[in-house]
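Work through the exercises below with the sequence and the model open. Each task is followed by a solution in steps.

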Amino acid sequence: MSTYKRIMIPVDLAHVDKFETALAVVADLAKHYDATVTYVAITSNVPSAIAHNPEEFARKLADFAKEQGAHRGHRTAAQSVVSHDPAVDLDKMLARTVGEIGADLIVMATHIPNMADMLLPSHGGALARHTDASVFLVRAR
């Protein structure tokens with residue numbers, strides 16, 4: 001029996017280059033556990049540099065997920081989440097999505113800690129506190 005069946009990875013389509021290591025790790029884990037990776041991204045209702053509307057954003061996220069699966073050799077899904085204020089709602093929306101998709105593992109890119117981390121909570125820590133899923137933090141290189 002596989003330990004993990006559905007792995008969630010939050011992504012920021014504007015900064016894909018910043019989490020290449022996490023993308024490689026999640027693909028490796030997916031192949032090892034024969035799991036599906038769900039790429040999750042939070043967007044707003046207003047136009048952005050990535051998309052003019054939530055529907056276009058969802059299509060771009062789905063395309064990104066398909067490309068990752070084809071390139072790295074694992075099953076994929078995409079889940080776009082619309083928020084009025086993604087910066088404020090990020091942790092809450094990600095935690096809700098974990099439950100909605102039934103993720104049992106979350107793989108997240110992280111950065112080298114700095115002084116701001118003393119004042120602002122980490123997203124990975126918030127997900128570990130507010131979900132039943134395991135959280136695997138991958139340092140950006």
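## Exercise 1: Surroundings of one residue

Gln-68 touches Leu-23, Tyr-39, Gly-73 and His-74, leaving aside residues up to four places away in sequence; contact means heavy atoms within 4.5 Å. The model is a predicted one, in which local features need pLDDT of at least 70 and side-chain atom pairs count only at pLDDT 80 or more, while totals for chains, interfaces and linings use all residues. Residues are numbered from 1 along each chain as its sequence is written, and side-chain values use heavy atoms, with hydrogens and water left out.

Task: state which helix holds Gln-68 and whether Gln-68 is buried or exposed.

Solution.
- Step 1. Gln-68 belongs to helix α2, residues 54–72. Helices (H or I, at least four residues) and strands (E, at least two) are DSSP runs, numbered from the N terminus.
- Step 2. The relative accessible area of Gln-68 is 9%. Buried means under 20%, exposed over 50%, and partly exposed in between, with a 1.4 Å probe and protein chains only.
- Step 3. Gln-68 is therefore buried.

## Exercise 2: Confidence

Task: find where in the protein confidence is lowest and where it is highest.

Solution.
- Step 1. The mean pLDDT (the predictor's confidence in each residue, from 0 to 100) of the protein is 87, and 86% of the residues reach 70 or more.
- Step 2. The lowest confidence is in helix α4 (residues 116–119), with a mean of 44, and the highest is in α2, with 98.
- Step 3. Residues 115–120 have pLDDT below 50, and this stretch makes 2 contacts in the model beyond near neighbours in sequence.
- Step 4. Where pLDDT is low, the predicted coordinates should not be read in detail.

## Exercise 3: The sheet and two helices

Task: give the strand order of the sheet and name its edge strands.

Solution.
- Step 1. The open sheet has 5 strands in the order β3-β2-β1-β4-β5, with parallel pairing. Two strands pair if DSSP finds at least two bridges between them.
- Step 2. β3 (75–82) and β5 (134–139) are the edge strands, each pairing on one side only.
- Step 3. On average, neighbouring strands are turned by 25° against each other, direction ignored. Axes are lines fitted to C-alpha atoms, for helices over the stretch in contact, and angles run from 0 to 180 degrees between N-to-C directions.
- Step 4. Between β2 and β3 there are 8 bridges in the parallel sense. Thr-43 is opposite Val-82 of β3.
- Step 5. Helix α1 lies across β1, β2, β4 (105–110) and β5, at about 160° to β4. Helix α2 packs on the sheet, where it touches β2 and β3, and its direction makes about 160° with that of β3.

## Exercise 4: Aromatic pairs

Task: state how many aromatic pairs the structure holds, and classify the pair of Tyr-4 and Tyr-33.

Solution.
- Step 1. There are 2 aromatic pairs. Rings of Phe, Tyr and Trp (its six-membered ring) pair if their centres lie within 6.5 Å; planes under 30 degrees apart count as stacked, over 60 as edge-to-face and the rest as tilted.
- Step 2. The ring centres of Tyr-4 and Tyr-33 are 5.0 Å apart and the planes stand at 90°, so this pair is edge-to-face.
- Step 3. Tyr-4 is in the segment before β1 (6–10) and Tyr-33 in helix α1 (residues 20–33), so that the pair links distant parts of the chain, 29 residues apart.
- Step 4. Tyr-4, at 18% relative accessibility, is buried, whereas Tyr-33, at 22%, is partly exposed.
- Step 5. Tyr-39 and Phe-64 also form an edge-to-face pair, 5.7 Å centre to centre with 90° between the planes. Tyr-39 is in strand β2 (residues 36–43) and Phe-64 in helix α2, so parts 25 residues apart in sequence are tied together. Both Tyr-39 and Phe-64 are buried.

## Exercise 5: Salt bridges

Task: for the salt bridge of Glu-56 with Lys-60, give the N to O distance and the exposure of Glu-56 and Lys-60.

Solution.
- Step 1. The structure holds 5 salt bridges, each a side-chain nitrogen of Lys or Arg within 4 Å of a carboxyl oxygen of Asp or Glu.
- Step 2. In the bridge of Glu-56 with Lys-60, the closest N and O atoms are 3.5 Å apart. Both residues lie in helix α2, 4 residues apart, about one turn of the helix.
- Step 3. Glu-56 is buried at 16% relative accessibility, and Lys-60 is partly exposed at 35%.
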